[in-house]
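Let us take a friendly walk through this protein together. Have the sequence and the fold side by side as you read.

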Amino acid sequence: SFEWLKGNGTVQLKTKDGNPIIAGGPFARVGRKPSMAQDATTSSKRSKVLHTIWNPFLLSNPITQVKQFDAKQLVVNYQYKPDSIKERTLVGDIAYSFTDSGYININYSLEPASKEEAVEAGLSFLIPSTFTEFRWVGKGPYAAYPGKERQSEFGIHHLNSSDLYFSGNRQNVDVAVFIDAQGNGFALIANKANIAVERTNEGIIVSHNAHVSGAFNKYEWPE
């Protein structure tokens with residue numbers, strides 16, 4: 001069953017037995033989990049260019065307004081505000097379309113009010129940590145970014161969520177499957193997309209990245 005919580009715009013997707021598939025989100029993604037190289041670079045004064053970067057990188061608790069709701073589609077306007085500064089608002093529509101075959105199509109368009117930089121940008125959802133098996137058709141098995149993708153080849157790949165190389169962005173993904181130890185789960189269908197995953201205390205964050213920059217090198221900003 002698909003549930004949309006009016007209070008905070010959260011989406012929940014459950015099996016017919018009531019077990020959660022999507023446990024939270026959508027979150028507006030405007031960056032990636034900070035690395036040591038990113039922290040060193042953003043705190044350095046070596047760059048001749050003044051950079052600004054979104055922080056936090058996952059925006060939650062949006063202001064929402066339903067624009068359309070019927071048996072086939074739910075369209076919601078989301079306004080994400082990481083703080084009280086008006087220029088840091090992110091606004092746009094997310095459309096959930098429902099099919100008789102059980103697919104849920106998601107389309108989104110979010111626009112920032114500021115000109116701050118984001119090394120990744122897209123939409124994220126939280127899935128339960130019990131979905132430990134990640135299988136996908138796309139580049140892998142390692143995370144890949146522009147300029148840092150030589151070790152990733154297109155194919156069918158599989159990683160457990162406890163794997164050292166689990167987190168990160170995967171390029172050219174056509175399908176990603178998340179399942180638990182019993183084989184229960186779901187498939188995310190895409191078209192040569194950037195799909196990112198990362199472990200958190202609450203579960204696993206799964207993201208569709210509409211924009212991905214290169215990786216940080218120490219004291220060097222990504223392209």
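How many bridges pair E7 and E8? Eight, and the two strands run in the antiparallel sense. Here two strands count as paired if DSSP finds at least two bridges between them. Helices (H or I, at least four residues) and strands (E, at least two) are DSSP runs numbered from the N terminus.

A word on the source before going further. This is a predicted model, where local features need pLDDT of at least 70 and side-chain atom pairs count only at pLDDT 80 or more, while totals for chains, interfaces and linings use all residues. Residues are numbered from 1 along each chain as its sequence is written, and side-chain values use heavy atoms, with hydrogens and water left out.

**The protein as a whole**

The secondary structure comes to one helix and 15 strands. Of the 223 residues, 39% count as buried; buried means under 20% relative accessible area, exposed over 50%, and partly exposed in between (1.4 Å probe, protein chains only). The protein exposes about 12800 Å², and carbon and sulfur atoms supply 50% of that area. Those areas come from the Shrake-Rupley method with a 1.4 Å probe, and for residues only the protein chains shown count as cover. Among contacts (heavy atoms within 4.5 Å) with a separation of 6 or more, residues 24 or more positions apart account for 57%.

**The four-stranded sheet**

Back to E7 and E8, which belong to an open antiparallel sheet with the order E6-E7-E8-E9. Its edge strands are E6 (63–69) and E9, each of which pairs on one side only. The twist from one strand to the next averages 15°; axes are lines fitted to C-alpha atoms, for helices over the stretch in contact, and angles run from 0 to 180 degrees between N-to-C directions.

Strand E7 (residues 73–80) has six of its eight residues buried, so it is largely enclosed by the rest of the structure. On one side, E7 pairs with E6 in the antiparallel sense over six bridges, and a hairpin of three residues joins E6 to E7. Strand E8 (residues 90–98) is joined in turn to E9 (residues 104–112) by nine bridges, again antiparallel. The hairpin of E8 and E9 has five residues between the strands, and within this hairpin Gly-102 takes a positive phi near 100°.

If you like to trace the register by eye, these opposite residues are handy landmarks.

| Residue | Stands opposite | Strand of the partner |
|---|---|---|
| Ile-63 | Gln-79 | E7 |
| Gln-73 | Ser-97 | E8 |
| Ala-95 | Asn-107 | E9 |
| Ser-97 | Asn-105 | E9 |

**The three-stranded sheet**

Another open sheet has three strands in the order E1-E2-E3, with antiparallel pairing. Strands E1 (2–4) and E3 (20–22) form its edges, each pairing on one side only. Direction ignored, neighbouring strands of this sheet are turned by 30° against each other on average. Three bridges link E1 to E2 (residues 11–14), and Glu-3 stands opposite Gln-12 in E2.

**The largest pocket**

The largest pocket has a volume of about 860 Å³. On a 1 Å grid over the protein atoms alone, a pocket is an open set of points where a 1.4 Å probe fits, with protein on both sides within 12 Å along at least five of seven lines; lining residues have an atom within 4 Å of a point. Grid points are joined across faces, edges and corners, and the volume is the space filled by probe spheres set on the points.

Which residues lie nearest the centre of this pocket? They are Ile-104, Ile-106, Ala-187, Leu-188 and Ile-189, out of 25 lining residues. Two or more lining residues come from each of E2, E9, E10 (120–127), E14 (185–199) and E15 (204–212). E14 gives the most, with six residues.

**Two asparagines**

Asn-55 lies in the loop between helix H1 (36–42) and strand E5 (58–59). Is Asn-55 buried or exposed? Asn-55 is exposed, with a relative accessible area of 59%. Asn-55 and Arg-32 are 23 residues apart in sequence and 9.6 Å apart in space, C-alpha to C-alpha.

Asn-172 lies in strand E13 (residues 168–179) and is partly exposed, with a relative accessible area of 30%. Leaving aside residues up to four places away in sequence, Asn-172 touches Val-137, Gly-138, Lys-139, Phe-154, Lys-192 and Ala-193. Asn-172 and Asn-191 are 19 residues apart in sequence, with 7.3 Å between their C-alpha atoms.
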